[in-house]
Amino acid sequence: MGARVTSLRQAALEPALQVDLTAVADNTRRFVSWARGSVMAVVKADGFGHGLGDVARTAVAAGATWIGVTSLAEAVQVRESGVDVPVLSWLNPVDVDVRTAVRYGIDLSVPGLEHLAALEAGVRVHLQLDTGMARDGAAPESWLSLMSAARRAELAGRVSVAGVMGHLPCADTPGANEAGKRALLRGVEMARQAGLRPSVRHLAATSAALTDPGTHLDVVRIGAGLVGIDPSGTTRLRSALRFTAPVVQVRRVAAGTGVGYGHAHVTDRATTLALLPVGYADGLPRTASARAEVWLAGRRRPVAGLISMDQVVVDVGDDAVLPGDEAVVFGPGDDGEPTVADWARWAGTIPHEIVTGIGARVRRNVR
Ligand SMILES: *Cc1c(COP(=O)(O)O)cnc(C)c1O
């Protein structure tokens with residue numbers, strides 16, 4: 001009995017990430033109502049750190065009719081989480097396990113002839129054109145030969161061409177999508193001339209979906225937006241994460257006290273320091289140290305000194321803080337607590353990197 005109480009208490013006093021799936025559902029519904037076509041929920045990188053299966057199931061229940069991932073392993077995880085809508089994987093090695101893709105009903109992207117050569121068993125594919133990033137997808141000059149090879153593979157029963165896809169390089173910049181859109185539509189036209197009949201054309205991710213309806217085509221691929229990140233800065237979406245940590249120790253220090261590694265911070269007055277058991281191994285970027293804040297005892301408090309691997313010190317001034325009090329590292333921001341966007345700004349990065357960087361040892365609570 002005593003041991004059980006102790007373990008319950010420990011469970012309450014450790015860092016925790018609360019994932020609010022109702023936010024994911026709300027965001028999904030907004031994209032479903034805005035999109036001219038369908039919504040593909042992109043759940044790569046463990047659902048942007050929110051849980052791959054949870055985000056996939058929530059998005060589908062809220063109206064998404066496709067799931068997108070970057071690997072066959074993620075696609076199989078989606079299937080095993082009980083989702084039965086079409087699933088597309090778009091960063092596959094040339095020797096991707098085609099039989100597994102067919103067995104699980106996974107669509108594969110085809111970015112070039114080498115990838116096409118390995119495909120068989122009538123696997124469903126999306127021909128992937130580089131629409132201006134010099135990143136993934138077939139170079140425009142190779143597209144014509146890829147189209148004729150894809151048609152031959154289709155006639156031989158090795159593949160079935162379901163779609164043509166591209167990706168926009170500068171979708172956060174208004175008016176910058178025309179070249180990519182023209183390139184994709186030209187690519188689709190060439191596919192048709194080769195005798196292919198792709199039924200889904202997709203190009204837009206979150207930014208273009210929010211700001212440029214002309215890019216929507218048949219499917220928009222939404223990742224960041226589902227978890228409340230708007231890279232275009234035009235729309236207020238709901239954030240789903242609340243990251244908390246308990247104070248483990250409190251100490252009163254004199255003016256002139258060096259705090260943490262290298263004494264990167266020296267107190268300029270007598271003050272109270274609170275210690276939190278979270279650090280860069282949990283996803284708090286060390287580069288944010290000089291600017292970062294957490295919410296504790298009713299207001300924002302500056303981080304004092306460098307964020308360590310497992311620990312961070314917070315300056316609470318003359319306020320009363322006790323071990324066991326809960327600090328909010330970030331949350332939706334409704335009560336004034338820091339947000340994922342704040343942490344991204346403090347670290348000089350984008351919110352995507354914060355949500356996908358939360359450490360594996362942080363306990364996840366899903367509701
Ligand atoms: C990650 C990714 C997406 C989703 O982008 P968001 O901006 O997060 O919505 C869409 N398409 C491709 C090819 C991607 O790699």
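This is a short walk through a predicted model, from one lysine to the two largest pockets.

Let's begin at Lys44, where UniProt, in an unreviewed entry, places the feature "modified residue: N6-(pyridoxal phosphate)lysine". You will find Lys44 in helix H3, which covers residues 44-48. Is Lys44 buried, exposed or partly exposed? Its relative accessibility is 29%, so Lys44 counts as partly exposed, since that label covers values between 20% and 50%. Setting aside neighbours within four places in sequence, Lys44 is in contact with Gly68, Val69, Thr70, Glu74 and Trp90.

Now move along to helix H4, residues 52-61, where Leu52, Gly53, Val55, Ala56, Thr58 and Ala59 are buried. What covers these residues? Among the covering elements are helix H2 (21-34), strand E2 (38-42), H3, strand E3 (66-69) and helix H5 (72-80). Just after H4 comes Gly63, with a positive phi of about 120°.

Next, look for the largest pocket, which holds about 650 Å³ of space. Here we meet Lys44 again: of the 29 lining residues, Lys44, His167, Ala205, Thr206 and His352 are the closest to the centre. Helix H10 (206-211) gives the largest share of this lining, three residues, and H3 supplies at least two. By type, the lining has 16 nonpolar, eight polar and five charged residues.

Finally, the second largest pocket has about 530 Å³ of space. Its lining is made of 27 residues, with Gly228, Leu237, Arg238, Ser239 and Pro332 nearest the centre. Helix H11 (340-347) contributes to this lining, as do strand E10 (241-246) and helix H12 (351-355); H11 gives the most, five residues. This lining divides into 11 nonpolar, seven polar and nine charged residues.

Definitions and conventions: Residues numbered from 1 in each chain as written. Predicted model: local features only at pLDDT ≥ 70, side-chain atom pairs only at ≥ 80, totals over all residues. Heavy atoms only, no water. UniProt positions renumbered as here; feature names shortened; annotations may be inferred. Helix = DSSP H or I, 4+ residues; strand = E, 2+ residues; numbered from the N terminus. Buried < 20%, exposed > 50% of the residue type's maximum accessible area, 1.4 Å probe, protein only. Contact = heavy atoms within 4.5 Å. 1 Å grid on protein atoms, 1.4 Å probe; cavity = no way out; pocket = protein on both sides within 12 Å on 5 of 7 lines; lining within 4 Å. Points joined across faces, edges and corners; volume = space filled by probe spheres on them. Nonpolar A, V, L, I, M, F, W, Y, C, P; charged D, E, K, R; others polar.
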